[in-house]
Amino acid sequence: MERVDVDGMAIAFERAGSGPPIVLLHGGMSDHREWRAQLDDLSDSFTVLAWDAPGCGGSDDPPAGFAMADYADALAGFLATLGIGSAHLVGLSWGSTLALELYRRHPHVVRTMILTAAYAGWAGSLAPEEVAERLAAALQGLEEPPEAYAREWLPTLLTDRAPEELRAELVRIMASYHPEGTRAMLNAIVAADLRDVLPTIAVPTLLLAGEEDVRSPRAVQEELHARIPGSTMRRVPGAGHQCTMEAPAAFDDAVRSFLSERG
């Protein structure tokens, strides 16, 4: 684990391999550990960087009122600190919204985007009543014991065929969340509406999702695909929302194929 200072905030990350940089952006209530398979597999051809967003894993909690724009600026600062002029971005769920916000504010650092189980922010992709329901459930869950709360998420993240060892690994990752960091991430994605940036995207973009994802429905992916010029959409067979962990070989093959053709 490495750490760098970005505007007075410590940001932790893992780095593996060498070659063109790929930056992995994890989902909410998570950290770099959800990218374990990609750090191993993709590092034969790329410099793979998996950060802990502010308020996650080994990174410092952000200040009060941290919005999606602030996370994007922190990410741009992180890349600049490491001397990375541009990178391929791979975002999962919350991380996909962050990738879109980064493109809005710092388009020059984005070479390609792979948006997995994506949203244009909750306000940009979900009905207001669903946003309110999700937020209320998430805030209520933060009052529960962390492991119990993490287990409540599993049916929306993995298929019922996922092995118990994978379920246990994901629970361990999610149960170590930072309470205030998670609240900040929730507030950021609840308010985010990135629909206006979608038609401006001028880099190769892949919309990738588990074939059985119930948390980021197919209709959301199709709407993003329709709005992002020249985008490609693919499904990962036999996987749910956390397709990066449930079907890592198929996910990584899709990433490699896309980058070899379009990157």
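Reader: Let's begin with Tyr119: in which loop is its place?

Author: Happy to start there, with the reminder that this is a predicted model. The strand to look for is β6 (110-116), and the helix is α4 (122-125). Tyr119 has its place in the loop between β6 (110-116) and α4 (122-125).

Reader: Is Tyr119 buried or exposed?

Author: A residue counts as buried when its relative accessible area is under 20%. Tyr119 comes to 1% relative accessibility, so the verdict is buried.

Reader: How many Å separate Tyr119 and Pro179 in space, C-alpha to C-alpha?

Author: Along the sequence, Tyr119 and Pro179 are 60 residues apart. In space, going from C-alpha to C-alpha, the separation of Tyr119 and Pro179 is 23 Å.

Reader: And Arg215 with Leu157: how far apart in space are they, C-alpha to C-alpha?

Author: Arg215 is found in the loop between β7 (205-210) and α9 (218-227). In sequence, Arg215 and Leu157 are 58 residues apart. Their C-alpha atoms, however, lie at a spatial distance of 7.1 Å.

Reader: Which residues does Arg215 touch, if those up to four places away in sequence are not counted?

Author: Arg215 counts as buried, at 14% relative accessibility. One of the residues it touches is Tyr119, where we began. The full list of residues that Arg215 touches is Tyr119, Trp122, Arg134, Trp153, Thr156, Leu157 and His241.

Reader: What value does the positive phi of Ala117 have?

Author: Ala117 lies in the loop between β6 and α4. At 0% relative accessibility, Ala117 counts as buried. Although Ala117 is not a glycine, its phi is positive, at about 50°.

Reader: Ser93 is not a glycine and has a positive phi too; what is its value?

Author: To find Ser93, go to the loop between β5 (87-92) and α3. Ser93 is buried as well, with 10% relative accessibility. The phi of Ser93 is about 55°.

Reader: Let's turn to the aromatic rings. How many aromatic pairs does the structure hold, and how are the planes of Trp35 and Phe251 arranged?

Author: The structure holds seven aromatic pairs. Trp35 and Phe251 form an aromatic pair with 6.4 Å from centre to centre and 45° between the planes. Stacked would need planes under 30 degrees apart and edge-to-face over 60, so this pair falls among the rest, which makes Trp35 and Phe251 tilted.

Reader: How many residues apart are Trp35 and Phe251?

Author: Trp35 belongs to the loop between β3 (21-25) and α1 (36-41), whereas Phe251 belongs to helix α11 (residues 248-262). The pair thus links distant parts of the chain, with a separation of 216 residues.

Reader: Are Trp35 and Phe251 buried or exposed?

Author: Trp35 has a relative accessible area of 0%. Phe251 has 1% relative accessibility. With a cut-off of under 20%, Trp35 and Phe251 both count as buried.

Reader: What kind of pair do the rings of Tyr71 and Trp94 form?

Author: Their centres are 4.9 Å apart. The planes stand at 85°, and because that is over 60 degrees, the pair is classed as edge-to-face.

Reader: Which helices hold Tyr71 and Trp94?

Author: The two residues are 23 residues apart, and their pair links distant parts of the chain. Tyr71 is buried with a relative accessible area of 0%, and Trp94 is buried with 3%. Tyr71 sits in helix α2 (residues 68-81), and Trp94 sits in helix α3 (residues 94-105).

Reader: With which residues is His106 in contact, leaving aside its neighbours within four places in sequence?

Author: His106 is in the loop between α3 and β6. With 18% relative accessibility, His106 counts as buried. Its contacts outside that sequence window are Ala72, Asp73 and Ala76.

Reader: Now the whole protein: how many helices and strands does its secondary structure have, and what is its radius of gyration?

Author: The secondary structure comes to eleven helices and eight strands. For 263 residues the globule rule gives 18 Å, and the protein is close to that, so it is as compact as a globular protein of that length. Its radius of gyration is 17 Å.

Reader: One last point: what share of the residues of the protein count as buried?

Author: Of the contacts with a separation of 6 or more, 75% involve residues 24 or more positions apart. The accessible surface is about 10,200 Å², with 51% of it belonging to carbon and sulfur atoms. Among the 263 residues, the buried share is 57%.

Note on methods:
Residues numbered from 1 in each chain as written. Predicted model: local features only at pLDDT ≥ 70, side-chain atom pairs only at ≥ 80, totals over all residues. Heavy atoms only, no water. Helix = DSSP H or I, 4+ residues; strand = E, 2+ residues; numbered from the N terminus. Rg over C-alpha atoms; globule rule 2.2 N^0.38 Å. Buried < 20%, exposed > 50% of the residue type's maximum accessible area, 1.4 Å probe, protein only. Contact = heavy atoms within 4.5 Å. Areas by Shrake-Rupley, 256 points an atom, 1.4 Å probe, with all protein chains shown as cover. Phe/Tyr/Trp six-rings, centres within 6.5 Å; stacked < 30°, edge-to-face > 60°.
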